[in-house]
Amino acid sequence: MTHEMDLTELQELRKQFNLIDEKLDKQRIINEEILRESMTSKLSRVEKWYQNRFRTSAIAAPIAGVVFLTQFADQGFPYWGFCLLIIATGILEVILNRRAYKALNIGNLPSMSMTEATEHIARHKQLRMMANRILALPLIALNVWTILIASDFAWNLQVIAITVFAMGFTVALGITQQRANKKRLDEVLNQIKTLRG
């Protein structure tokens, strides 16, 4: 009788253990799905940022440069030089952004091993930092030149203040977006680590 009871209790414990095991498997699958969705969301935001940068650099900068060039070409170097600098900076930015974007390999990142993902993200960060350093000089020159043109090469404090404020806001927004992208990529790396565990 005791032996039968032990066997019945053992079978009941087995059933409960199997039930707990099934629930844990379901929970693990749900957690993996949540992590994958979160990764996809973060990576799509980084992707969107790059697409906007490509549009701005490859389309808007050359168009703005050509428009300015056609309107101000006869007014001398201060104007057409500014236009050429806009076009050159746009082209340079496209090249540098393409390199950083390709290094990230955003489409394959979620399926990579932890080592591969870490290498791609580290290479991306390195290229992103290099791009920022290379672009700093032409962007500073463009900002100063914009202020000079906006103030008509005269000391107009109001125009200078408004232009500096607008440019400062734009630069601060750009820095904030790049930091947000860096944070997203770090979070994706942690999620890959959790998934590959």
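Colleague: What makes D152 count as exposed?

Modeller: In this predicted model, the relative accessibility of D152 is 54%, and since the term exposed applies over 50%, D152 therefore counts as exposed. The residue is found in the loop between helix 3 and helix 4.

Colleague: What is the sign of phi at D152, and what is its approximate value?

Modeller: Phi of D152 is near 55°, which is a positive value in a residue other than glycine. Most residues other than glycine have a negative phi. F153 also has a positive phi, of about 55°, although it is not a glycine, and F153 lies in the loop between helix 3 and helix 4.

Colleague: Why is F153 called partly exposed?

Modeller: The relative accessibility of F153 is 40%, and the partly exposed class runs between the buried limit of 20% and the exposed limit of 50%, so F153 counts as partly exposed.

Colleague: Where is S151 placed, and is S151 buried or exposed?

Modeller: The place of S151 is in the loop between helix 3 and helix 4, and because its relative accessible area is 6%, under the 20% limit, S151 is buried. Leaving aside neighbours within four places in sequence, S151 is in contact with N156, V159 and I160, and I160 is itself among the buried residues of helix 4.

Colleague: What lies 2.9 Å from a polar atom of the side chain of S151, and what makes this pair a polar contact?

Modeller: The backbone oxygen of I147 lies at that distance from the side-chain polar atom of S151, and 2.9 Å falls within the 3.5 Å limit for a polar contact.

Colleague: How do you know that the length of helix 4 agrees with its number of residues?

Modeller: At 1.5 Å a residue, the 40 residues of helix 4 should span 58 Å, and its end C-alpha atoms are 58 Å apart, so the two agree. Several residues of this helix are buried, including M167, N181, R184 and L195.

Colleague: Why is G168, in helix 4, called partly exposed?

Modeller: G168 has a relative accessible area of 38%, which lies between 20% and 50%, so G168 is partly exposed. The C-alpha atoms of G168 and M114 are 38 Å apart in space, with their positions 54 residues apart in sequence.

Colleague: How do you know that the span of helix 2 is as expected?

Modeller: The 28 residues of helix 2 should span 40 Å at 1.5 Å a residue, and because its end C-alpha atoms are 40 Å apart, the span agrees. Just after helix 2, N105 takes a positive phi of about 50°.

Colleague: What makes S113 partly exposed, and which residue is separated from S113 by 7.7 Å?

Modeller: S113, placed in the loop between helix 2 and helix 3, has 31% relative accessibility and therefore counts as partly exposed. The C-alpha atom of I192 is separated from that of S113 by 7.7 Å, although the two residues are 79 apart along the chain, and I192 is one of the buried residues of helix 4.

Colleague: Is S57, in helix 1, buried or exposed?

Modeller: At 1% relative accessibility, S57 counts as buried, because the limit for that term is under 20%. Not counting residues up to four places away in sequence, S57 touches P62, G90, E93, V94 and N97.

Colleague: Why is F72, also of helix 1, called partly exposed?

Modeller: The relative accessible area of F72 is 22%, and as buried means under 20%, F72 is therefore partly exposed. F72 touches Y79 and W80, residues up to four places away in sequence not being counted, and its C-alpha atom is 9.8 Å from that of F82, ten residues apart in sequence.

Colleague: What volume has the largest pocket, and which helix gives the most to its lining?

Modeller: The largest pocket has a volume of about 1600 Å³, and of the 45 residues that line it, R53, E93, L139, T170 and G174 are the closest to its centre. Helix 3 gives the most to the lining, with 15 residues, while helices 1, 2, 3 and 4 each supply at least two. The lining residues divide into 20 nonpolar, 15 polar and ten charged.

Conventions. Residues are numbered from 1 along each chain as its sequence is written. This is a predicted model: local features need pLDDT of at least 70, side-chain atom pairs count only at pLDDT 80 or more; totals for chains, interfaces and linings use all residues. Side-chain values use heavy atoms; hydrogens and water are left out. On a 1 Å grid over the protein atoms alone, a cavity is a set of points where a 1.4 Å probe fits but cannot get out, and a pocket is an open set with protein on both sides within 12 Å along at least five of seven lines; lining residues have an atom within 4 Å of a point. Grid points are joined across faces, edges and corners, and a volume is the space filled by probe spheres set on the points. Helices (H or I, at least four residues) and strands (E, at least two) are DSSP runs, numbered from the N terminus. Ala, Val, Leu, Ile, Met, Phe, Trp, Tyr, Cys and Pro count as nonpolar, Asp, Glu, Lys and Arg as charged, and the others, Gly among them, as polar. The expected span of a helix is 1.5 Å times one less than its number of residues. Buried means under 20% relative accessible area, exposed over 50%, partly exposed in between (1.4 Å probe, protein chains only). A polar contact is a pair of N or O atoms within 3.5 Å; within protein, one must be able to donate a hydrogen and the other to accept it, and residues adjacent in sequence count only if both atoms are side-chain atoms. Contact means heavy atoms within 4.5 Å.
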